[in-house]
Amino acid sequence: MTAVSIPEEMALEARLRSRRAGGAKLLVPYVTAGLTDDWVRVVEAVAAAGADAIEIGIPFSDPIIDGPVIQAASQTALERGVTPASALAELGEVSVGVPLVAMTYCNLLFHAGFHRYAGWLEEAGVAGTIFPDLPKEEAGPWAEFAAGKGIANVLLVAPTTSEDRARAIAAESRGFVYGVGLMGVTGVREQLAASAIGVAKRLKSVTDRPVLIGVGVSSPLHARQLAPHADGVVVGSALVKILADGGGPEGAYDFVSSLRQALDGQ
Amino acid sequence: MSSLFADPGSASGYFGDFGGRFVPEPLMAAVRELEDLFTAAWEDPAFQAEYHSILTGYAGRPTPVTYCANLSQDLGIELYLKREDLTHTGSHKINNVVGQALLTRRMGKSRIIAETGAGQHGVATATAAALFGLKCTVYMGAVDVKRQALNVFRMRLLGAEVVPVNSGSRTLKDAINEAMREWVACVEDTHYCIGSVMGPHPYPLMVRQFQRVIGDEARSQMHEAIGTDPDFVVACVGGGSNAAGTFTAFLESDAAIVGVEPAGGAAVGRGTPGVVHGMRSKFLQDEFGQVEEAQSISAGLDYPGVGPEHAYLASIGRARYEAVDDAAVLNAFQVLSRREGIIPALEPAHALAWVLAEAGAAIPLGSRVLVTLSGRGDKDSEQVAEILGGA
Ligand SMILES: Cc1ncc(COP(=O)(O)O)c(C=O)c1O
């Protein structure tokens, strides 16, 4: 057995499964690393407001699946001098009590190399990774390497993914399966796309792994609409927009609390 | 067609270590469909016949190879130009677009989108869209919208919508990002017509196949002209489509193959391996893998990456990649105009600039040199006039 450096109780999938078993709907907010000076305080506030895990967006120069809000946030963070190493080092200084999942584009992983990248993740106590541009066919070597360190590599399923392929992706995904709620880039949407519920149902029918729906999930109402069909939601742009507008840790706390309440049926 | 060098790309989407298909899952179904469709179409005589009849009857193929008597004398070499500048729309980009427009129709899609740098691929796409009755949107960096104003007008005249892109460096790289983002949202009825040998599989292979007509024609034209292969085959490299289309025919010959990159965007020469825009290739990037901005006088080469096949050809030593600076390019632009009466686009002026610099040095005197003149310079005249103060 390989030594596992992520403590058992912080392992992503175990944590999400046990929360689900306890009857909870899962909430995973997304925060762009380095967007503001107090971004680590934001992460703490998001955890305190009831997140089950937190996606940490590491800024990349060419975010092709991100819409205007996260593009702008990434650009701001890069202009502030944030690097994957610096962002993860800052995270390592706090302990937020919920699993962290580092989301970014795979060039940063390949450029650093698996050893170096995994080293940063381990020092930051990060329990999972998401690379939206690293599909199933290309993800294998990293997923295996990461698994050896106790890090879960999460794969994505889209509205256009066939059922057979969705089943295969879910089988290879670790931590949870990320259902992309709509055909489009990340961004704040008025209405929940019909495809979000479709993806949730399809995934739930092919896997026992936690199924979270993200992209275009923007409000407590959307979270409530998805709750009967999925194990939980990922909320990105709506939160990042609050932060970009200067909402700070308090704004983040209030918004994530409202999502938590919606999922808890309050 | 079944060249040793073609096999890697066709089988797996990889050229050696380079290539692949690094796309977000929402696009996976579309790129797989495209691969199947392209593979079937390429083998289908009816498709080939229609593709070639459009290239001949509409796009003006075959293009000639021109012997440059004056420059040959000046340089002490034999200089031949493959005249893609003489195609309809004025650059090689039309070869690829005709192929992809036919595929778009086969897929039953009603709209085509494209990125463009110099505007030549945008113009070619808008042209094919007009011909085939497709809706067309072209994404173009705001910097390029300004420096290639003539082509923006042409695209709009042809009925295309031109969307200026204001993110990032506001050039070709960002236009590609934006086109990809748009494609995710409309992939059901829209084909993304990538303009070079880049992006996820099958694009690098497919675009190479649609451009190989350049080299296939040129090789037999050279045989007619001199009875053998040239000693050097030279082409400029942005994404690398005119170069790949030229080189393919000569990979198994004895010709030295040279790709010429802009000094400020030399992804093969100065780049490092990475995964961007759906492909593993070489890119200009910082120590953490953030993509850097290219800097080139020519909008069509202002790209910090390169198609995977070029990274591969460089890695196995079959082609070499050289860089020239903007001043040498401006000089070549004028030299070809004055000595041969041919105003080249700034992009192929890179290839010429290298030949001008190396004739009698890296290119031994007496060598027979084939340069692909990928496009004509009308689009650049205003920009160059500004730089040269009215020329
Ligand atoms: C005339 C011309 N040549 C070359 C290029 C560069 O593209 P590629 O390297 O794919 O041939 C362009 C791109 O806009 C162009 O317009």
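Modeller: Before we start, a residue counts as near the ligand if one of its heavy atoms lies within 4 Å of it. And keep in mind that this is a predicted model.

Biologist: Okay, which residues come nearest to the ligand?
Modeller: With that cut-off, there are 19 residues around the ligand. Those that come nearest are B:Ser196, B:Gly238, B:Gly240, B:Ser241 and B:Ser374.

Biologist: How far is a ligand oxygen from the side chain of B:Ser196?
Modeller: Let's take the backbone partners before the side chain. A ligand oxygen sits 2.7 Å from a polar backbone atom of B:Gly238, and B:Gly240 also offers a polar backbone atom with a ligand oxygen 2.7 Å away. For B:Ser196, an N or O atom of the side chain is the partner, and the distance to a ligand oxygen is 2.5 Å.

Biologist: How much of the ligand's exposed area does the protein bury?
Modeller: Start from the ligand taken alone, which exposes 390 Å². Of that, the protein buries 98%.

Biologist: Which domains of chain B does the ligand lie between?
Modeller: Look at who gives residues to the shell: two domains of chain B both do, so the ligand lies between them. They are domain 1 (14-54 + 93-203) and domain 2 (61-91 + 212-388).

Biologist: How many residues of the shell are polar?
Modeller: Split the shell by class. Five residues are nonpolar and two are charged, while the polar count is twelve.

Biologist: What is the volume of the largest cavity?
Modeller: The structure has four cavities of 30 Å³ or more, and the ligand takes the space of the largest. B:His92 and B:Lys93 are among the lining residues nearest its centre. The volume of this largest cavity is about 310 Å³.

Terms used:
Residues numbered from 1 in each chain as written. Chains lettered and ligands numbered in written order. Predicted model: local features only at pLDDT ≥ 70, side-chain atom pairs only at ≥ 80, totals over all residues. Heavy atoms only, no water. Polar contact = N/O pair within 3.5 Å; in protein donor to acceptor, adjacent residues only side chain to side chain. Areas by Shrake-Rupley, 256 points an atom, 1.4 Å probe, with all protein chains shown as cover. 1 Å grid on protein atoms, 1.4 Å probe; cavity = no way out; pocket = protein on both sides within 12 Å on 5 of 7 lines; lining within 4 Å. Sits in = over half its atoms within 2 Å of the grid points. Nonpolar A, V, L, I, M, F, W, Y, C, P; charged D, E, K, R; others polar. Domains from an automatic or database assignment. Points joined across faces, edges and corners; volume = space filled by probe spheres on them.
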